[in-house]
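Here's a quick tour of a protein chain, written for someone who likes to poke at coordinates. Have the viewer open and follow along.

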Amino acid sequence: MRVEFSGRDLISMRELSRQEIEHILNAAERTEFSGDMLKGRLMSTLFFEPSTRTRLSFETAMKRLGGEVVGFSKPGAASLSKGENLTDTIKTVSCYSDVIVLRHPREGAARLAAEVSDVPVINAGDGSNQHPTQALTDLYTIRREHGRLNVSVAMVGDLKYARTVRSLGHGLAKFGARLLLTSPPGLEMSEELCAELEGMGAKVEVCSSIEEAVENADVLYVTRIQKERFPDPEEYRKVQGAYRITPELLEIAKPGMVVLHPLPRVDEISPEVDHTERARYFHQVRNSIPIRMAVLTLLLGVV
Ligand code: NCD
């Protein structure tokens, strides 16, 4: 079956088949990108939530391919602060640009945007829901390390609110990965999501301790507690600092086990881990560029 991406949106990892995911990873791996592939094309970045890596790496990918970028990173500066609704903003921006990259605090915002946009929409994070290009970056990093994706991935931290966990879970499930879950009380992955991931092909196991997860993993995927998603700040204070990955903890890990984190980190990975052979979170940052180049060229139909 031919994989066709031209003109499509990228909203959720749910809707990508295993074959389509492999197609994107292979395109990124080939890195046959040239500096004028997207010459004359314009990408809009509409960021209604803070971002460092996602916005800058999309901009870097676009500019390295010869494209142009417009957008905003502070919604207060856009007409939304005058009361304009998201659909009018998207309809307007889709008149100017060839592709829209949207980050929004509301779940479902990217889907809504895709419905009213005439050009492809890429979801760069919608609330606690999805962040597909981060998941593709994570899958790419795992495949480069282990040569396969049916590995054991320990997911540590905020499994309730982290959209990166949800997206990566959907991606890994399609490859039959084993997911070892460990989180502070109250931040567990919902039963609904666990069941969905199992239905998609994952083997989901809840670990009774972080040590159990570390010992059995090929990949340790650590996440930040998503403070901004807590309805009650008191609830955040109860779990703040509940886990911390240190070089001592990693001594029990299997040879070849690597530590990933979508970043930003707060205090969940001690800086001493950066100097160990396990750390791969800055590799992820680097890997996000070929992935976003691949996604942009595929959706814009130039490869
Ligand atoms: C993540 C996000 O925005 O979901 N950051 C990112 O894009 N790399 C993770 C986070 O904010 O914790």
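## Starting at the far end: Leu-298

Let's begin with Leu-298, which sits in helix 11. This is a predicted model, and in it Leu-298 is buried, with a relative accessible area of 6%. Take a look at who keeps it company: leaving aside neighbours within four places in sequence, Leu-298 is in contact with Phe-5, Ser-6, His-23, Ile-24, Ala-27 and Val-303. The pairing with Phe-5 spans a lot of chain, as the two residues are 293 apart in sequence, while their C-alpha atoms are separated by 5.5 Å.

## Two domains and what joins them

The domain assignment splits the chain into domain 1 (13-130 + 288-299) and domain 2 (132-285). Measure from centre to centre over C-alpha atoms and you get 25 Å. Domain 1 puts 33 residues into the contact, and domain 2 puts in 27.

## The nonpolar cores

The largest nonpolar core has 60 residues, and Leu-136, Met-155 and Leu-179 have the most contacts inside it. Helix 11 (residues 281-299) is the top contributor, with 8 residues. This core draws on both domains, taking at least three residues from each of domain 1 and domain 2. There's also a second, separate core of 28 residues, with Val-156, Ile-210, Val-214 and Tyr-236 among its members.

Which residues does Met-155 touch, once those up to four places away in sequence are set aside? They are Val-165, Leu-168, Gly-169, Leu-172, Leu-179, Leu-180, Leu-181, Thr-182, Met-189 and Tyr-221. Several of those names come back below.

## Helix 6, wrapped up

Helix 6 (residues 163-173) has 11 of its 11 residues buried, so it is largely enclosed by the rest of the structure. The buried set isn't just greasy side chains: it includes Arg-163, Arg-166 and His-170, along with Val-165, Leu-168 and Leu-172. Val-165, Leu-168, Gly-169 and Leu-172 are among the contacts of Met-155.

## Strands 5, 8 and 9

Strand 8 (residues 219-222) is covered on both faces, with Val-219 and Tyr-221 buried on one side and Leu-220 and Val-222 buried on the other. In general, side chains in a regular strand alternate between the two faces of the sheet.

Strand 8 has partners to look at, too. Strand 5 (residues 152-156) pairs with strand 8 in the parallel sense over 4 bridges, and Met-155 has Tyr-221 as its bridge partner there. Strand 8 also pairs with strand 9, again in the parallel sense, over 3 bridges. In that case Tyr-221 is matched with Leu-260.

## An odd spot after strand 9

If you're checking backbone geometry, stop at the loop between strand 9 (258-260) and helix 11, where Pro-264 lies. The peptide bond from Leu-263 to Pro-264 is cis, with omega near 5°. Leu-263 belongs to this loop as well, and it has a positive phi of about 60° although it is not a glycine. Is Leu-263 buried or exposed? It is buried, with a relative accessible area of 11%.

## Over in the first strands

Strand 1 (residues 42-47) and strand 2 (residues 68-72) run parallel and are joined by 5 bridges. One of the matched pairs is Thr-45 with Gly-71 in strand 2. To get from strand 1 to strand 2, the chain passes through helix 2 (residues 53-64), and this β-α-β crossover is right-handed.

Glu-59 is part of helix 2. Despite its acidic side chain, Glu-59 is buried, with a relative accessible area of 15%. Not counting residues up to four places away in sequence, Glu-59 touches Met-43, Thr-45 and Val-69. For a sense of scale, the C-alpha atoms of Glu-59 and Phe-230 are 30 Å apart, with their positions 171 residues apart along the chain.

## Helix 4 and its alanine face

Helix 4 (residues 109-116) has Ala-109, Ala-110, Ala-113 and Ala-114 buried. Looking down the helix 4 axis, the buried residues fall within an arc of 135°, so they line one face of the helix. What do they pack against? The neighbours are helix 3 (86-96), strand 3 (99-104) and strand 4 (121-126).

Note on methods: Residues numbered from 1 in each chain as written. Predicted model: local features only at pLDDT ≥ 70, side-chain atom pairs only at ≥ 80, totals over all residues. Heavy atoms only, no water. Core = buried A, V, L, I, M, F, W, Y, C linked by side-chain atoms within 4.5 Å. Buried < 20%, exposed > 50% of the residue type's maximum accessible area, 1.4 Å probe, protein only. Helix = DSSP H or I, 4+ residues; strand = E, 2+ residues; numbered from the N terminus. Domains from an automatic or database assignment. Contact = heavy atoms within 4.5 Å. Pairing = 2+ DSSP bridges. Right-handed = clockwise from strand over helix to strand, strands pointing away. Arc of directions from axis to C-beta.
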